[in-house]
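Reader: I should like a close look at a single part of this model, namely the metal site. Please describe its surroundings in connected prose.

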Amino acid sequence: MDTRSPRRVEHQQTDKGYVPVYTTAVVEQPWDDYDATDHQTWATLFERQMAILPGRACREHLDALDGLRMSADRIPRFTDINRLLEAETGWTLVAVEGLLPELTFFEHLANRRFPVTWWIRKPEQIDYIAEPDLFHDLFGHVPLLFNPVFADYMQAYGRGGVKAHGLGEEALANLTRLYWYTVEFGLIRSAEGLRIYGAGIVSSKGESIHCLESAAPNRIGFDLERIMRTRYRIDSYQKTYFVIDDFEQLFAATRPDFTPIYARVAALPAIPAGTVLDTDTVFNRGTGEGWAEGGDV
Ligand code: HBI
Ligand code: FE
């Protein structure tokens, strides 16, 4: 059997679009099967991001890359990362085939396991891939699990997801928006200005530049219910980014029981991705020119 091609189950409409959803099995990282092209893809992506992230990514992400000894040399071994990560925050990586059904994903997070796709994109996909591959997960998501407060947030989020699973589609949609606008596309304030912490941004060259420097997107202060009502785009740069003061604010937001919040959000209309409300705290608002076409999710 060719261990290099992931076992796909079926394509599904997910919050990342119409992508394959994989078997839920935890597998071993087939590190010896990576070939020179795979390691070169990792090196190209790693070096390209490290050339632009200082001054754009938050301090916690850059420090964790050092702490986890990640480098361009070769694709990291999950076992090496786990030794360092588990000692720091009790999180470990598990290798998976790719995007998981929500409940499986939430259960991993609730147990401080982060699922990392074992395969890396092909050279022709170097600029964009719809699915989370090894680079997106390992370079984008894993470093912040080294930060104790963000690590607590991710576990609390997973527990919330397991609870929400029985509450139906709307609760799931609200949680997916929360994940999208924080874990994937979140910005954070710092003494030097706004910085990136979202994995979807930090693993993308174009969006790492766009999210801070373009006049187009809105940058709005974190508000849990506002985020749960806000649609998002899956096939172009975000029209709106939400800004947290610090990771404590994010973790504190998960403390209350979400059930009454889901009820309030369900009674209100969804907010289109590019809207700014009078009640919003706006950070150096842009002018909104140059929107890419395409529907909101
Ligand atoms: N599965 N492997 C993997 N990685 C993800 O980031 C992921 C997932 N399944 C569901 C999912 N993300 C999103 O629906 C989150 O909003 C829950
Ligand atoms: Fe992701």
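Author: The account below begins with the metal site and then turns to a helix pair and to the confidence of the model.

The structure is a predicted model. Its iron ion (ligand 2) is held by three protein donors, H136 through NE2, H141 through NE2 and E184 through OE, at 1.9 to 2.1 Å from the ion. Along the chain these donors follow the spacing H-x4-H-x42-E. The site thereby links distant parts of the chain, for H136 belongs to helix α5 (residues 134–141) and E184 to helix α7 (residues 169–184), 48 residues apart. H136 has a relative accessibility of 12%, and because this lies under the 20% cut-off, H136 counts as buried. E184, at 4% relative accessibility, likewise counts as buried.

Elsewhere in the chain, helix α4 (residues 102–110) packs with helix α6 (residues 148–164): their axes come within 7 Å and cross at roughly 140°. The two helices are therefore oblique to each other, and α4 passes α6 in a left-handed crossing. On the α4 side the contacts are made by L103, F106, E107, L109 and A110, which meet M154, Q155, Y157, G158, R159, G161 and V162 of α6.

As to confidence, the protein chain averages a pLDDT of 91, and 92% of the residues score at least 70. Residues 286–295 are a stretch where pLDDT stays under 50, and for them the model has 14 contacts beyond four places in sequence. Where pLDDT is low, the predicted coordinates should not be read in detail.

Note on methods
Residues are numbered from 1 along each chain as its sequence is written. Chains are lettered from A and ligands numbered from 1 in the order in which they are written. This is a predicted model: local features need pLDDT of at least 70, side-chain atom pairs count only at pLDDT 80 or more; totals for chains, interfaces and linings use all residues. Side-chain values use heavy atoms; hydrogens and water are left out. pLDDT is the predictor's confidence in each residue, from 0 to 100. Contact means heavy atoms within 4.5 Å. Donors are N, O and S atoms within 2.8 Å of the metal (3.2 Å for Na, K and Ca); water is not among the atoms, so sites may look incomplete. Helices (H or I, at least four residues) and strands (E, at least two) are DSSP runs, numbered from the N terminus. Buried means under 20% relative accessible area, exposed over 50%, partly exposed in between (1.4 Å probe, protein chains only). Axes are lines fitted to C-alpha atoms, for helices over the stretch in contact, and angles run from 0 to 180 degrees between N-to-C directions. Angles under 35 degrees count as roughly parallel, over 145 as roughly antiparallel, 65 to 115 as roughly perpendicular and the rest as oblique. A crossing is left-handed if the near helix is turned anticlockwise from the far one by less than a right angle, and right-handed if clockwise.
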